[in-house]
Amino acid sequence: MATLPNPLPRLASLGLGLPPGKLIDTTDEGPWHEPLLWLADDRATPAAWAALQQAPRTLGLLPVVLDIGGGHGGPEDWELAPAEVSYPGDHDAEEVLADFWEECCAQEAGDWPGLAEATAAAADPDAVATDIASGLLSAGGPLKEPRLALVPARRSADIPTALGWMGAVNYGDDTARLSAVLRSWEDRFGIRVVALGFDHLRVSVAAPPTTLAEAQALAAEHFAFCPDNLWQGSDTILEAYAERQLLDQPAWSFWWD
């Protein structure tokens with residue numbers, strides 16, 4: 001993937017006041033030629049996210065919460081594959097979703113309906129990301145063992161690709177195609193990638209759909225992007241998924257079997 005210079009090798013000299021942590025370069029084929037991420041040693045807290053969110057942005061580093069619980073270990077055990085991904089900007093989001101739809105959804109749901117219309121942002125996307133991260137990291141939150149990480153990426157949507165994350169490998173082996181869709185959602189719905197696990201992804205949403213018609217149009221994109229959200233979720237019909245999971249919702253979650 002074409003990127004700007006990676007700041008992680010000089011992280012110690014950047015004066016970010018980071019908590020104890022380590023640089024990780026482990027991939028499925030051995031050490032990568034440069035660090036892929038910095039990972040904190042201790043459990044993440046809402047205050048730690050808020051303190052780190054803005055400071056590294058000008059350096060080309062973005063925060064994300066990694067959930068290292070659930071029996072899959074940390075990113076060293078996730079078989080990261082940065083050599084296998086392309087560049088998100090080389091893919092068109094609608095073409096990617098249309099391809100996914102044809103492969104997995106068309107027989108069940110008919111022809112690809114096209115992209116949903118953009119929604120006006122009701123709040124600052126980074127502020128919403130902080131709110132969602134705070135909820136995830138609060139006592140009793142849904143993440144089993146969250147750790148704060150810094151990833152060399154200029155866009156939040158590119159974080160999974162910058163890591164070489166393979167959480168959706170059973171569905172598609174080029175994460176850049178997923179990032180192309182996430183970029184489109186950044187532009188249309190103000191999303192930010194907030195948390196990643198071995199096989200799951202959570203994003204904050206600053207401009208969620210506010211009408212059922214808008215939510216139903218977007219539900220088709222979610223079905224194409226992550227069919228397991230419906231096939232193995234509680235809402236197996238697009239209309240129900242749209243109403244319960246998308247309408248006025250400030251966060252979206254995805255899980256691939």
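Biologist: In this predicted model, where does Leu-115 lie relative to helix 2 and helix 3?

Modeller: Leu-115 sits in the loop that connects helix 2 (93–109) with helix 3.

Biologist: How should I read its accessibility, and is Leu-115 buried, partly exposed or exposed?

Modeller: The partly exposed class covers what falls between under 20%, which is buried, and over 50%, which is exposed. Leu-115 has a relative accessibility of 31%, and therefore it counts as partly exposed.

Biologist: Which residues does Leu-115 touch, once those up to four places away in sequence are not counted?

Modeller: With those neighbours set aside, Leu-115 touches Glu-94, Leu-97, Arg-188 and Glu-221. As for Glu-243, the C-alpha atoms of Leu-115 and Glu-243 are 18 Å apart in space, with the two positions 128 residues apart in sequence numbering.

Biologist: Turning to the sheet, what is the order of its strands?

Modeller: Strands of a sheet pair through backbone hydrogen bonds, in either a parallel or an antiparallel manner. Here 7 strands make an open sheet with the order 1-4-6-5-7-8-9, and the pairing is mixed. Strand 1 (21–24) and strand 9 (251–255) are the edge strands, each pairing on one side only, and the twist from one strand to the next averages 30°.

Biologist: How many bridges join strand 4 to strand 6?

Modeller: Strand 4 (residues 37–43) and strand 6 (residues 146–152) run antiparallel and are joined by 3 bridges, with Trp-38 standing opposite Leu-150 in strand 6.

Biologist: Which strands does helix 5 touch?

Modeller: Helix 5 (residues 175–189) packs on the sheet against strand 7, strand 8 and strand 9, and its direction makes about 130° with that of strand 7.

Methods
Residues numbered from 1 in each chain as written. Predicted model: local features only at pLDDT ≥ 70, side-chain atom pairs only at ≥ 80, totals over all residues. Heavy atoms only, no water. Pairing = 2+ DSSP bridges. Helix = DSSP H or I, 4+ residues; strand = E, 2+ residues; numbered from the N terminus. Axes fitted to C-alpha atoms, helices over the stretch in contact; angles between N-to-C directions. Contact = heavy atoms within 4.5 Å. Buried < 20%, exposed > 50% of the residue type's maximum accessible area, 1.4 Å probe, protein only.
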